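Biologist: I have the model open and would like to go through how you label things. Could you take me through the reasoning behind a few of the terms?

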Amino acid sequence: MEKNSEIMSEFEAPKNITIKGILSLLMESIDEEDDKSVISLGIGDPSAYSCFRTTPVAQQAVIHALQSDNFNGYAPTVGLPQTRRAVADYLSGDLPYKLTADDVFITSGCTQAIDVALSMLARPGANILFPRPCFPIYELCAAFRGLEVRHFNLLPEKGWVVDIDAVKALADHNTVGMVIINPGNPCGNVYSYQHLKEIAETAEELKIPVIADEVYGHLAFGNNPFVPMGVFGYIAPVLTLGSISKRWIVPGWRLGWFVTTDPSGMFRNPKMIERIKKYFDILGGPATFIQAAVPSILERTDQAFYKKTLNILKQSSEICYEKVTEIPCVTCPHKPQGSMAVMIKLNLSLLDDISDDIDFCFKLAKEESVIILPGTAVGLKNWLRITFAVDPVSLEEALGRLQSFCERHIKRIY
């Protein structure tokens, strides 16, 4: 484990982490002579499992766009007009106002939308408020843009809600925005209408915009329905980030959006619009034929497809939650309500020869061929993130191995 500790030392700070980088290291630690199949609960790519497949509507739309020979050239840097209109119409269905195509900018997945949002807000001496835990790409983008990061806690015992008092205490005249992720990655939470309104009112009080990461939009299967942050754009300006990756189970298609859900007009200032457009001039957007398929995908996907995906996710989340409650040394403070992942807490005092969450994950990979993301990767040391967007049989097998591992390493009292 000494070698692994040395390898992982560079990843101790979240701003130096990529999830794929850590998962790659974990894969390398697996014992090749072990006859167990490798099961990864580390990355949110449900397309790896046959129970998760995109709708035929999406496939046919891409095929039609490609075979038409109409989309082999360059697209406008901000996105095809019909794609921007389709995304505006799709998002407007959940809002009390109408978005226009000019409010929408097409990106290469939600990751590029994150970079755009932070780049538009960055300025010398600025700071930005991120949740803890948080998707680590935010830390990387902030570091590249010279933004000071300040973390407010999400409260696990209260369903991972935002610590509003902490947000107010952290903000100052140099704060340029705050990020919320809803439905939550990595926590599996879904915020209520009232809590989102409170967040908007806090942002208005602080005179900052909200960056709303809604890449898991509509993937809610608990008590709270999904409510887009843009509903409260009349209170505080909102930048909405999203993609077709998760809801349509096509993360490799890299089609996302950056949207100014801002009826009050802060981001409709001509100078700001011009700045956004100029930045998009230097970005490479998604493949043109994928963009061309989006209107059909958004307009023609039937409700049965969405319902099937939600049913599988709910079933898998319940398996995950119930199995974790049976495992010594880990606890799940809040049952998943949405997205594809959940955070569980390690009780190291019950374990023998395990130093921290990173050590735990490396030894689990080596001994059981199961990959789980250490919480350090998302800013919570001695926690674990489990992705449950896995077929139920594989999920049960992986969690059974996790239980065996914990029982094998549990401290014995003689």
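Biologist: Let's start with the cysteines. How many disulfides does a search of the whole structure find?

Modeller: Zero disulfides turn up in a search of the whole structure. Bear in mind that this is a predicted model.

Biologist: Why is Cys 141 not bonded to Cys 110?

Modeller: The cut-off for a disulfide is a pair of cysteine sulfur atoms within 2.5 Å. The closest cysteine sulfur to that of Cys 141 belongs to Cys 110 and is 10 Å away, so the two are too far apart for a bond. Cys 361 is in no disulfide either, with the nearest cysteine sulfur, in Cys 406, 10 Å away.

Biologist: What makes you say whether Cys 141 is buried or exposed?

Modeller: Buried means under 20% relative accessible area. Cys 141 has 10% relative accessibility, so Cys 141 counts as buried. The label also fits Cys 361, because its relative accessible area is 1%.

Biologist: And Cys 406, where is that placed, and is it buried or exposed?

Modeller: Cys 406 sits in helix H13, residues 392–409. Its relative accessible area is 0%, so Cys 406 is buried. Apart from residues up to four places away in sequence, Cys 406 touches Ile 327, Pro 328, Cys 329, Leu 351 and Phe 360.

Biologist: Which residues does Cys 320 contact, and how do you know whether it is buried or exposed?

Modeller: Cys 320 belongs to helix H11, residues 303–325. Its 1% relative accessibility is why Cys 320 counts as buried. Setting aside neighbours within four places in sequence, its contacts are Val 342, Ile 386, Phe 388, Leu 395 and Leu 399.

Biologist: On to helix packing. Why are H5 and H6 called oblique?

Modeller: Helix H5 (residues 109–121) packs against helix H6 (residues 137–144) at an angle of about 40°, with the axes 10 Å apart. Angles under 35 degrees count as roughly parallel, and 65 to 115 as roughly perpendicular. The angle of about 40° falls in neither range, and H5 and H6 are therefore oblique to each other. Their crossing is right-handed.

Biologist: Which residues of H5 and H6 meet?

Modeller: From H5 come Thr 111, Ile 114, Asp 115 and Leu 118, and from H6 come Ile 137, Tyr 138, Cys 141 and Ala 142. By class, this contact has six nonpolar, one polar and one charged residues.

Biologist: What makes H4 and H10 roughly parallel?

Modeller: The axes of helix H4 (residues 81–92) and helix H10 (residues 288–300) cross at roughly 25° and come within 8 Å. With the limit for roughly parallel set at under 35 degrees, H4 and H10 are therefore roughly parallel to each other. The crossing here is left-handed. In H4, Gln 82, Thr 83, Ala 86, Val 87 and Tyr 90 meet Gln 291, Ala 292, Val 294, Pro 295, Leu 298 and Glu 299 in H10. The residues of this contact divide into seven nonpolar, three polar and one charged.

Biologist: Last, some backbone details. What is the phi of Asn 382, and why is Asn 382 called buried?

Modeller: Asn 382 is not a glycine, yet its phi is positive, about 65°. Its relative accessible area is 18%, and the limit is under 20%, so Asn 382 is buried. Ser 369 also has a positive phi, near 55°, and its 1% relative accessibility is why Ser 369 counts as buried.

Biologist: Where are the cis peptide bonds at Pro 183 and Pro 186?

Modeller: One joins Asn 182 and Pro 183, with omega about -10°, and another joins Asn 185 and Pro 186, with omega about 25°. Pro 183 lies in the loop between strand S6 and helix H8, and Pro 186 is in the loop between S6 and H8 too.

Methods
Residues numbered from 1 in each chain as written. Predicted model: local features only at pLDDT ≥ 70, side-chain atom pairs only at ≥ 80, totals over all residues. Heavy atoms only, no water. Buried < 20%, exposed > 50% of the residue type's maximum accessible area, 1.4 Å probe, protein only. Axes fitted to C-alpha atoms, helices over the stretch in contact; angles between N-to-C directions. Helix = DSSP H or I, 4+ residues; strand = E, 2+ residues; numbered from the N terminus. Parallel < 35°, antiparallel > 145°, perpendicular 65-115°, else oblique. Left-handed = near helix turned anticlockwise from the far one by under 90°. Contact = heavy atoms within 4.5 Å. Nonpolar A, V, L, I, M, F, W, Y, C, P; charged D, E, K, R; others polar.
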